Structure formats: C-alpha cells, structure tokens
Amino acid sequence: MSTQAIEYIDATVVLPPPVKKLIWNGTEFVPFLLYRKKGLPNNQQLVWLWQTYGKPRLYEYGRHWDYSGGGNYTIMDDKVYMFYTMKWGTK
C-alpha cells in the first residue's frame, strides 16, 4: 500500500484591471467584468480552454472567454482567468 504526501502552498493571483463588456447570455446582454491578458493562447492552451469552458465568444455555464488575433489579447472572466493562470502560469 502506498501513501502520497500533499503539500499545500500559498499562491497569489493578481488580476489585471478589469474590462467591462456586454455579453449575450442567450436572452439578453448582461454587463460582465473580464480580465485582459496580452498575447494569444498557444494550441495546447486553446484546446484546454475549449474542453474546459466551451467555445470562445460564448457565454456558457456562467463562464466566458475570448481572444483576438488582430489585437493580440485574450479576455476571460475571473474564474477562467484564475484557473488558466494556475494551470499555465503567466505565460
């Protein structure tokens, strides 16, 4: 029988200044605070975002994320941004 040791660490995620955007939730536009990250996700990050949070530009399950190739940025709500940063770091 094997045992595993779990080490807990304190981590702080500093959110960038939020961007206000109106998101279509299927019935109406709702104001949303999103966080902007410079740069685009790479292919592996895009696959993870699609599998975890659905397609970009869609408001699903209370989560939203999007990216712009021309503007070279990615926007996410607070929960998506937090888990993205925990998984991928600040890359």
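**Exercise 1. Helix packing**

Task: In this predicted model, at what angle do the axes of helix H1 and helix H2 cross, and which class of crossing follows?

Solution:
1. Locate the helices. H1 covers residues 43-53 and H2 covers residues 78-88.
2. Take the geometry. The two axes come within 12 Å and cross at roughly 135°.
3. Classify the angle. Angles over 145 degrees count as roughly antiparallel, and 65 to 115 as roughly perpendicular. H1 and H2 are therefore oblique to each other.
4. Add the hand. The crossing of H1 and H2 is right-handed.
5. List the contact residues. H1 supplies Gln 44, Gln 45, Trp 48, Leu 49 and Tyr 53. H2 supplies Lys 79, Val 80, Phe 83, Tyr 84, Lys 87 and Trp 88.
6. Sort them by class. The contact of H1 with H2 has seven nonpolar, two polar and two charged residues.

**Exercise 2. The sheet**

Task: In what order do the four strands lie, and which strands stand at the edges?

Solution:
1. Start with E1 (residues 18-24) and E2 (residues 29-38). They pair in the antiparallel sense over seven bridges. In this pair, Lys 20 stands opposite Leu 33 in E2.
2. Look at the link. E1 and E2 form a hairpin, with four residues between them. Gly 26 in the turn has a positive phi of about 110°.
3. Move to E4 (residues 73-76). Four bridges join E4 to E2, and the two run antiparallel. Arg 36 stands opposite Ile 75 in E4. Tyr 35 has Met 76 of E4 as its bridge partner.
4. Assemble the order. The strands form an open sheet, E1-E2-E4-E3, with antiparallel pairing.
5. Find the edges. E1 and E3 (65-68) each have a single partner strand, so one side of each is left without a neighbour in the sheet.
6. Add the twist. Neighbouring strands of this sheet are turned by 35° against each other on average, direction ignored.

**Exercise 3. One tryptophan**

Task: Is Trp 50 buried, partly exposed or exposed, and which residues does Trp 50 touch?

Solution:
1. Place the residue. Trp 50 lies in helix H1.
2. Apply the cut-offs. Buried means under 20% relative accessible area, and exposed means over 50%. Trp 50 has 43% relative accessibility, so this residue counts as partly exposed.
3. Find the contacts. Trp 50 touches Lys 55, Pro 56 and Trp 65, not counting residues up to four places away in sequence.
4. Check a distance to Lys 87. Trp 50 and Lys 87 are 37 residues apart in sequence. C-alpha to C-alpha, they are 14 Å apart in space.

Key. Residues are numbered from 1 along each chain as its sequence is written. This is a predicted model: local features need pLDDT of at least 70, side-chain atom pairs count only at pLDDT 80 or more; totals for chains, interfaces and linings use all residues. Side-chain values use heavy atoms; hydrogens and water are left out. Axes are lines fitted to C-alpha atoms, for helices over the stretch in contact, and angles run from 0 to 180 degrees between N-to-C directions. Angles under 35 degrees count as roughly parallel, over 145 as roughly antiparallel, 65 to 115 as roughly perpendicular and the rest as oblique. A crossing is left-handed if the near helix is turned anticlockwise from the far one by less than a right angle, and right-handed if clockwise. Contact means heavy atoms within 4.5 Å. Ala, Val, Leu, Ile, Met, Phe, Trp, Tyr, Cys and Pro count as nonpolar, Asp, Glu, Lys and Arg as charged, and the others, Gly among them, as polar. Two strands pair if DSSP finds at least two bridges between them. Buried means under 20% relative accessible area, exposed over 50%, partly exposed in between (1.4 Å probe, protein chains only).
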